[in-house]
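Hello,

Here is the structure I said I would pass on. My notes on the ligand site and on the unusual backbone geometry follow below.

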Amino acid sequence: MAPVEDTAGAGIVAIGAYAPQHRMHNDEWAQYVDTSDVWIYPRTGIKTRHIAAAGESTAMVAARAGSLCLEAAGMDPADLRWVLVSTDTPEMWNPATACFVQAELGARRAVALDLTGGCSGFVAGLGLAEARARLREPVLLIGCEVLSQAMDWSDRSTAVLFGDGAGAALVMPREPGKPAFEIVNIYARTDGRDAGILGKPYGGTKNPLTPELVRDGHHHRIVMHGPYVFKNAVTKMADAALSSLEEAGLTLSDVDLVVPHQANQRIIDAVADRLKIPREKVFSNVEEYANTGSASIGIALAEAIEAGLIRPGQVVLTVAFGSGFSWAASVWRAAGVPPVRAELNRGAVLTKGVGT
Ligand code: ACO
């Protein structure tokens, strides 16, 4: 590792994002379960989600976003010191998904590690990335999920909520004159007492797979207490936002754009209401991508920048909540706007029959 030398701080110097080409509309879910656009859209704000193609694994999706991010930065992958992949849908039990991503990128000097932090893993992981970047160690942080491979396609109460994709951020020591989101504060918390409320309990060492469990479809079962998750997502995202701002010495009136985890539109709206933030200051693309877990903030960020919604000097607040329960917020100051490369396939033709 490089000699320990604290710098003035660290920032996000480039963003990459990728969503698979297959787009699936709510209507198509009726082929699999008893549901409809009329049920899904008003409760979630979701219309479509992108679904990985057969054989398109988490490492492939993550590497695509990572590669786009490095291209945007003009960075040689060999100069990376860390590849961190935040995912709840890993390539396999072992080794870490990040190892496959590191090999694919050619980041041969980087340490490769996974973070399993639920939907807030990307923001919490930013805290780790920022700490290493301060020591002059460039970090590629990728949030990636291929939830279509992990969820139960016969469970309408969870499956319709999710989508696949990846967002990546290159985190480096700040350099004067180079566009970056200066990371002003990161606030992250976990309350493991609610670990059983939301997650995928089968297939690990606590509940190993048996032929009976697989026969009954439990290997894909996602446990989720929807209303309890909803309530906690709203209160904890609002608390994290306020706590991060307070630690940064700022208030809500200083914030120009909020980029929240894209779980569902009702959660986003309820957080905005609780914080009394006008809707035009809150970015949303959940209608297009559904809930992409730890990928959602990177994808949202890429689209917000491409839409010109973040300008130099502005303050950006990101906030997320997920299984654990874990929640996190981060405050950034736009010292210029970092470059973005995104391959999000927004205009892709809607597909039929892509289910597993
Ligand atoms: N289509 C049709 N009916 C459905 C579907 C579906 N896809 N899913 C559930 N239902 C049924 C249920 O079986 C239930 O029927 P019942 O009353 O006969 O038992 C009924 O709909 C429940 O309906 P509502 O009470 O209107 O549902 P609610 O308003 O609670 O909304 C939702 C459900 C959208 C899941 C909500 O609880 C929610 O958003 N929770 C947060 C969950 C979340 O975002 N999880 C993602 C992971 S965590 C994160 O990222 C923050």
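The ligand is surrounded by 21 residues, where a residue belongs to this shell if one of its heavy atoms lies within 4 Å of the ligand. Thr35, Arg43, His261, Asn264 and Asn291 are the closest. This is a predicted model: local features need pLDDT of at least 70, side-chain atom pairs count only at pLDDT 80 or more, and totals for chains, interfaces and linings use all residues. Numbering starts from 1 along each chain as its sequence is written, and side-chain values use heavy atoms, with hydrogens and water left out.

Ligand site

By class, the shell has eleven nonpolar, six polar and four charged residues. Here Ala, Val, Leu, Ile, Met, Phe, Trp, Tyr, Cys and Pro count as nonpolar, Asp, Glu, Lys and Arg as charged, and the others, Gly among them, as polar. Four helices, α1 (37–44), α6 (156–159), α8 (226–248) and α9 (265–275), each supply at least two shell residues; α8 gives the most, with four. Helices are DSSP runs of H or I with at least four residues, strands are runs of E with at least two, and both are numbered from the N terminus.

Three polar contacts to the ligand are worth listing (pairs of N or O atoms within 3.5 Å):

- Thr35: an N or O atom of the side chain is 2.6 Å from a ligand nitrogen.
- Gly226: a polar backbone atom is 3.1 Å from a ligand nitrogen.
- Arg266: an N or O atom of the side chain is 3.5 Å from a ligand oxygen.

The ligand taken alone exposes 1,000 Å², of which the protein buries 70% (Shrake-Rupley areas, 1.4 Å probe).

Backbone geometry

Most residues other than glycine have a negative phi, and most peptide bonds are trans. Asn94 and Pro95 are joined by a cis peptide bond, with omega about 0°; Pro95 sits in the loop between β4 (82–86) and α3 (97–105). Another cis bond joins Gly324 and Phe325, with omega about -15°, and Phe325 lies in the loop between β12 (315–322) and β13 (326–335).

Arg136, not a glycine, has a positive phi of about 70°. Its loop runs between α4 (121–133) and β6 (139–146). Arg136 counts as partly exposed because its relative accessibility is 40% (buried is under 20%, exposed over 50%, partly exposed in between; 1.4 Å probe, protein chains only). Lys276 also has a positive phi, near 55°, and is found in the loop between α9 and α10 (286–289). At 73% relative accessibility, Lys276 counts as exposed.

Regards

Notes: A polar contact is a pair of N or O atoms within 3.5 Å; within protein, one must be able to donate a hydrogen and the other to accept it, and residues adjacent in sequence count only if both atoms are side-chain atoms.
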